[in-house]
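Visitor: Please show me the structure, and then I will put some questions about it.

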Amino acid sequence: MALLLEAGYNGTQSGGREDLSNLISNVDAKSTVFSSLAKKGKKPGNVVMGWQMDKYEDPSVDGIFEGKDVGETGGASYINPAKNRKLMQNYVQIFRRTFRISNLADEIQVVAGVKSELANGIAKKLVEIKRDMEYAFLGNDDADVESGTQNPYTTKAMGSFLHTSGTNGLTDDITVPSDFRIPAASAPTTTTANLTEGNVQDVLKSIYNTTGTIRDYDLLVGPTLKRVFTNFTQSVAASTSNERLAIKTFNQSAESKSFINVIDLYEGDFGRLRLHPTVHINTTATTGSSTTETYYGQTTTAAPFKGYIIPFDKAEIRYGKLPQIKELTDNGGGPARMIEAMAALVIHNPSAFGFFNGAS
């Protein structure tokens with residue numbers, strides 16, 4: 001009987017060709033939602049940039065005596081209209097990715113699925129630097145001013161802006177003024193295991209109490225928090241045998257023979273939330289070594305249980321330099337490239353935002 005392979009073939013036989021497809025499979029397609037939705041602000045004029053926040057006086061029902069001039073007792077008094085105005089700032093951060101291709105890899109080596117290792121490296125690093133910025137913006141790192149060789153400039157991240165203390169407490173050089181910090185009711189620390197639909201309604205109510213506006217918001221959610229929203233449409237577990245449960249009924253056509261169970265839009269009493277899943281929400285530690293997805297000397301940890309309620313007309317990214325490719329000196333080791341960007345996060349007024357800040 002003939003054999004499928006000739007006797008003695010062991011994969012290294014002289015003349016045997018390797019069947020290698022022109023295909024490289026990379027399933028990593030994580031999108032950068034925040035960078036795509038946030039508007040692009042004007043170019044910073046300095047590494048530290050500022051903007052002003054203001055608020056109205058509380059309503060007054062005080063009466064005024066007839067015939068009394070302003071400044072007299074009973075005739076009201078002069079009020080500085082700018083007394084509530086406060087300055088907010090942030091730093092520009094440098095983002096950089098570099099690589100080098102050896103001369104053999106660049107000129108001689110033929111890799112299946114890659115026409116040019118240099119072009120492939122540039123394409124990959126452009127994606128990676130965009131994710132670096134997304135990770136920086138959606139983290140909780142505090143602003144840091146450059147101090148010699150120890151700390152570079154870091155931009156204040158979303159989680160630091162939206163902390164109820166105005167800072168995450170990691171040696172922050174910029175703190176949100178107390179009058180413009182996010183209210184505690186807008187930033188619950190309830191874990192995803194205990195988060196209820198009532199908690200979400202309370203967050204929207206708190207934002208409404210601050211802004212007085214019912215509107216649409218974009219909610220950037222980690223995967224764990226996204227599942228919680230979908231579970232709002234399912235059964236509710238009773239904590240006691242005598243507890244009365246809320247019953248929800250949903251009608252769905254069975255003609256398509258499909259079962260659909262997803263929540264992408266949540267509408268409450270005080271606004272609507274458009275849900276955008278993201279894997280880039282993270283927390284930052286003050287110690288650690290520099291790796292591929294960290295700041296210098298800091299480590300980051302994914303936080304899939306957190307979420308940011310964002311009015312995108314009050315958030316922007318200011319680019320000092322959009323990602324640019326720079327050819328570095330080749331001293332004989334092969335061509336090298338640097339991809340660099342400079343950017344800072346601007347949150348116009350943190351009190352208008354919401355933050356699901358559970359620890360798990």
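The questions and answers below go through some strands, a helix and several salt bridges of this predicted model.

Visitor: In what order do the 4 strands of the open sheet lie?
Guide: The pairing in this open sheet is mixed. Its edge strands, each pairing on one side only, are β1 (39-40) and β4. The order is β1-β11-β12-β4.

Visitor: Which residue is the bridge partner of R97 in β12?
Guide: R97 lies in strand β4 (residues 93-100). Strands β4 and β12 run antiparallel and are joined by 8 bridges. In β12, R97 has as its bridge partner I339.

Visitor: What angle does the direction of α3 make with that of β4?
Guide: Helix α3 packs on the sheet and touches β4, β11 and β12. The direction of α3, set against that of β4, gives an angle of about 155°.

Visitor: How far apart are the end C-alpha atoms of α3?
Guide: Helix α3 has 21 residues. At 1.5 Å a residue, α3 should therefore span 30 Å. The distance between its end C-alpha atoms agrees with this, at 30 Å.

Visitor: Is R97 buried or exposed?
Guide: A residue counts as buried under 20% relative accessible area. R97 has a relative accessibility of 12%, so R97 is buried.

Visitor: With which residue does R97 form a salt bridge, the closest N and O atoms being 3.4 Å apart?
Guide: This pair links distant parts of the chain, 31 residues apart. R97 is in strand β4, while the partner is in helix α3 (residues 117-137). The partner of R97 is E128.

Visitor: Which residues do salt bridges that share partners join into one network?
Guide: R97 and E128 form a salt bridge. Among the buried residues of α3 are K125 and D132. The one network consists of R97, K125, E128 and D132.

Visitor: How many residues apart in sequence are the parts that E340 and K321 tie together?
Guide: E340 and K321 form a salt bridge, with the closest N and O atoms 2.7 Å apart. E340 lies in strand β12 (residues 336-347) and K321 in strand β11 (residues 315-328), so the pair ties together parts of the chain whose separation in residues is 19.

Visitor: Is K321 buried or exposed?
Guide: The cut-off for buried is under 20% relative accessible area. E340, the salt-bridge partner of K321, counts as buried at 6%. K321 has a relative accessibility of 19%, so K321 also counts as buried.

Visitor: What is the relative accessible area of E57?
Guide: The side chains of E57 and K83 meet in a salt bridge (3.3 Å, N to O). Both residues lie in the loop between β2 (48-53) and β3 (86-91), so the pair ties together parts that are 26 residues apart in sequence. K83 is partly exposed, with a relative accessible area of 43%. E57 is partly exposed too, and its value is 45%.

Visitor: Which residue in β7 stands opposite Y217?
Guide: Strand β5 (residues 215-221) pairs with strand β7 (residues 271-277) in the parallel sense, over 7 bridges. Opposite Y217 in β7 stands L273.

Visitor: Which residue in β7 stands opposite L265?
Guide: Strand β6 (residues 265-268) is joined to β7 by 4 bridges, and the two run antiparallel. A hairpin joins β6 to β7 through 2 residues. Opposite L265 in β7 stands R274.

Note on methods:
Residues numbered from 1 in each chain as written. Predicted model: local features only at pLDDT ≥ 70, side-chain atom pairs only at ≥ 80, totals over all residues. Heavy atoms only, no water. Pairing = 2+ DSSP bridges. Salt bridge = Lys/Arg side-chain N within 4 Å of Asp/Glu carboxyl O. Buried < 20%, exposed > 50% of the residue type's maximum accessible area, 1.4 Å probe, protein only. Expected span 1.5 Å × (residues − 1). Contact = heavy atoms within 4.5 Å. Axes fitted to C-alpha atoms, helices over the stretch in contact; angles between N-to-C directions.
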